[in-house]
Amino acid sequence: MDLDESMEVGPISEEFDGKKRITRIVSRIKDYQDKVKEIVTGNYTDFLPCCYDNLTIMKNGKILEEEINNVVSLVNQDSSWKHSEENMKHHREELSEAIMGYKTSFKLQTIHSLFEMIPRCGDDYPKLLQILEKIKVLLNDGSDPILPKLDCYQSISLRYHEEYQILLHSLNKKFETLIQFNEKLFQHTKTVTLKIKKDEDQLHQVIVSLVHTNYNVNKMCKFLMDNVFEPIITRPVSLTVNENDGDFVTMQLSYQLEVNEDLRPNHKIIFQRMMETFYCLGHMNIVISERQCIFSIIAKHIKGSMCKLIIDNCLQKDIPDTIDEMNDSSIMMAIQAFNKFLAEMLFLDNENDHVLDEYATKIDVLFQKKFCTNIVSSALEIMKKDLHDMCFVEEREAHFSSGSETFSSCMISKSTIDLKKFLDKILLEASSSEKQLSERLLRTIAIILERYTTEVSHNHQKLLLKIPQHTALFHNNCNYLSYWLQKNASKLNEQQSFMLIGSSLRNQGNKTFNNQLQNQRTQLLQSLEGFDITNAMVELGPEPHKAVRQCIRQLDLLKSVWQTVLPEHVYKHSIGSLLVTFCGEIIRKIFNLEDITAVIGKGLVNVLAIVIEKTPQLFKDPTDITIVVKNWTKLTQLATILDASLIEITEMWAEGKGPLTLSYKADEIKHLIRALFQNTKHRQTCLASIVQL
């Protein structure tokens with residue numbers, strides 16, 4: 001019977017021999033316990049010499065175990081002892097207690113024997129680990145309630161922990177002699193040296209033992225990541241491997257602490273250096289089990305960050321920039337080959353680690369994304385160029401399925417011409433590319449044109465606000481790009497989104513230019529605040545002349561920067577709208593007067609003469625002013641009225657059929673007559689003849 005099983009003693013007969021055997025075995029157990037107690041007390045409590053030989057007592061304990069098993073077997077199996085249970089109860093309990101005591105004593109002696117074996121093991125680390133593991137199991141046996149309560153238990157536990165720490169220290173020291181990692185720092189450079197002993201048996205013994213002690217590999221992993229893998233991935237390195245360095249394989253790595261981004265090595269060099277490093281480190285890649293080795297343990301700590309570093313600092317930057325480079329590139333195969341190498345070295349798990357492989361399969365998409373991103377960046381750089389550097393574009397007409405579009409002759413910024421040529425190249429590339437890239441390139445064109453108005457408005461914000469010529473050029477540029485969209489509608493697959501972008505370009509160009517027009521109107525009205533005439537004035541003074549001349553100078557300046565830049569019809573409409581405001585404000589101020597003396601009237605005629613003389617020169621054909629400025633005739637007739645007699649005014653009205661009826665109503669003429677002439681019978685007759693037909 002196994003003594004580790006729970007002890008149950010059946011009924012014992014009243015036979016004298018049964019009692020005698022139980023009494024004898026209990027006595028022998030107590031004698032054995034006393035001897036074990038003396039051994040344990042001497043070694044773990046009192047630390048006094050013991051007269052008993054541990055091996056002899058251990059041998060006697062095993063013999064005693066056989067005798068105990070025989071007695072227990074006899075008690076449990078002999079059915080003739082079933083009728084005297086009450087009489088034998090005391091003997092049965094005594095035997096059970098004795099057996100429990102024996103088990104504890106035998107366990108203590110076993111632990112002591114295991115401790116005595118430790119000095120004889122030397123550097124046999126697996127055997128030492130096995131011994132300490134047996135001691136640990138015996139000390140932590142939850143089925144034994146007696147052992148933890150003994151006085152010697154704490155001392156034995158302390159001895160176990162001391163021995164375990166001694167083993168760990170010895171293992172670490174041995175590991176550091178077998179695998180040496182060193183770094184030497186200079187002012188601008190760093191040298192890292194890795195030395196691995198060629199003794200595979202020693203390496204296996206030490207490394208396997210360390211793994212079984214749950215050795216913390218964080219320090220080693222951090223050293224490899226920070227001082228070996230990270231420099232290889234991010235900067236040029238000098239790497240040498242010497243396999244003839246006595247008992248060691250030596251690898252030395254040297255690199256600068258700070259390097260220029262332009263010197264970053266490409267993926268081919270990085271992969272080669274990484275493979276050389278793994279080959280060298282392979283000398284310590286001890287296989288621990290079927291699915292575990294040193295590389296797989298290290299990988300758990302650094303493979304994620306290492307793969308991310310390779311992708312972020314190497315592969316992303318090595319994705320080709322052009323289609324020709326992509327066609328000639330072998331980056332996808334290089335990544336797959338490197339991933340396969342890491343899997344063969346057991347650094348990556350084929351079943352679970354797919355980061356690099358998945359990145360390789362996405363190279364085409366990533367290239368397209370990078371290619372198009374670079375295109376947008378190039379377009380944005382073009383948009384930053386000065387607007388005032390311009391050239392003349394002649395009138396042209398585009399025909400398409402829904403009609404035609406005419407682009408009027410005007411000046412266009414050279415940067416916009418460059419952008420248009422750039423868009424032509426993209427469109428040509430899209431027409432000859434496979435479907436996925438073609439669609440992405442068309443979306444890129446849309447992105448560029450969508451960003452044009454916002455980017456140019458942001459880059460040239462102050463100039464667009466203050467310099468009228470820049471505003472005119474921006475207006476032309478937006479319409480030119482919109483025209484380009486209309487012209488290439490068929491190549492853009494007639495997408496509605498492009499038509500919306502074209503409309504948005506025109507709207508933004510017109511809006512910005514209209515804002516400039518409004519600013520110019522505001523300036524004209526502010527200048528005409530000096531044209532301040534009242535009924536109480538005796539003479540006109542110089543202020544109205546000054547205000548009018550200031551406005552004409554402003555309009556002349558606009559002519560110089562707009563007439564050769566804007567399309568002719570846009571220029572006429574724009575300068576004409578400003579003249580409408582200018583003339584209208586002068587007419588309004590004169591009409592506000594209720595009494596115009598001869599002196600004031602003459603002064604106003606002189607002022608209006610300046611306007612009538614100068615403003616037609618704002619147009620290539622001065623007669624255009626009568627067509628474009630709707631209140632021009634009214635202004636010129638006002639000058640005539642101010643210098644005319646009652647008879648002349650009456651004749652110009654001609655009973656509602658004369659030239660004045662083109663611009664004036666009867667009430668307006670009457671108002672001017674009352675302001676210009678005193679109340680006489682002749683004035684009353686004249687007023688009576690002014691009637692509206």
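**Notebook: helix packing in a predicted chain**

I began with helix α25 and looked up what lies over its buried residues: the cover includes α20 (568-591), α23 (632-642), α24 (646-653) and α26 (681-689). The model is a predicted one. α25 itself spans residues 666-676. I listed its buried residues as Ala-666, Ile-669, Leu-672, Ile-673, Ala-675 and Leu-676.

**Whole chain**

I next took the overall figures. The chain has 693 residues, and 47% of them count as buried. I noted 26 helices and 10 strands. How much area does the chain expose? The figure is about 36,600 Å², with carbon and sulfur atoms supplying 50% of it. I also looked at contacts between residues at least 6 apart in sequence; 75% of these join residues at least 24 apart.

**Helices α4 and α5**

I moved to α4 (residues 125-139) and its packing on α5. Their axes come within 11 Å and cross at roughly 155°. Angles over 145 degrees count as roughly antiparallel, and α4 and α5 are therefore roughly antiparallel to each other. I recorded the crossing of α4 past α5 as left-handed.

Which residues of α4 meet α5? I wrote down Tyr-125, Leu-128, Leu-129, Leu-132, Ile-135, Lys-136 and Leu-139. On the α5 side I found Tyr-153, Ile-156, Ser-157, Tyr-160, Glu-163, Tyr-164, Leu-167, Ser-170, Leu-171 and Lys-174. Sorted by class, this contact has 12 nonpolar, two polar and three charged residues.

**Tyr-153**

I picked Tyr-153 from that contact for a separate entry. Tyr-153 lies in α5, which covers residues 153-178. Is Tyr-153 buried or exposed? Its relative accessible area is 13%, so Tyr-153 is buried, the cut-off for buried being under 20%. I left aside neighbours within four places in sequence and found Tyr-153 in contact with Leu-139, Asn-140, Leu-147 and Pro-148. I checked one of these by backbone position: the C-alpha atoms of Tyr-153 and Leu-139 are separated by 8.3 Å, while the two residues are 14 apart along the chain. Leu-139 is also among the α4 residues that meet α5.

**Helices α7 and α9**

I then looked up α7 (residues 218-234) against α9. The two axes come within 10 Å and cross at roughly 15°. That angle makes α7 roughly parallel to α9, since angles under 35 degrees are counted that way. I noted a right-handed crossing for α7 past α9.

From α7, the contact is made by Asn-218, Met-220, Cys-221, Leu-224, Met-225, Phe-229, Glu-230, Ile-233 and Thr-234. From α9, I listed Ile-298, His-301, Ile-302, Ser-305, Met-306, Leu-309, Ile-310 and Asn-313. I counted the classes as 11 nonpolar, five polar and one charged.

**Helices α9 and α11**

I stayed with α9 (residues 294-318) and turned to α11 (residues 331-344). How do their axes cross? They come within 12 Å and cross at roughly 165°, which means that α9 is roughly antiparallel to α11. I entered this crossing as right-handed.

On α9 the contact uses Met-306, Ile-310, Leu-315 and Asp-318. On α11 I found Ile-331, Ile-335, Phe-338 and Leu-342. The classes here are seven nonpolar, no polar and one charged. I marked Met-306 and Ile-310 in my list, as both also appear in the contact of α9 with α7.

Key: Residues numbered from 1 in each chain as written. Predicted model: local features only at pLDDT ≥ 70, side-chain atom pairs only at ≥ 80, totals over all residues. Heavy atoms only, no water. Axes fitted to C-alpha atoms, helices over the stretch in contact; angles between N-to-C directions. Helix = DSSP H or I, 4+ residues; strand = E, 2+ residues; numbered from the N terminus. Parallel < 35°, antiparallel > 145°, perpendicular 65-115°, else oblique. Left-handed = near helix turned anticlockwise from the far one by under 90°. Contact = heavy atoms within 4.5 Å. Nonpolar A, V, L, I, M, F, W, Y, C, P; charged D, E, K, R; others polar. Buried < 20%, exposed > 50% of the residue type's maximum accessible area, 1.4 Å probe, protein only. Areas by Shrake-Rupley, 256 points an atom, 1.4 Å probe, with all protein chains shown as cover.
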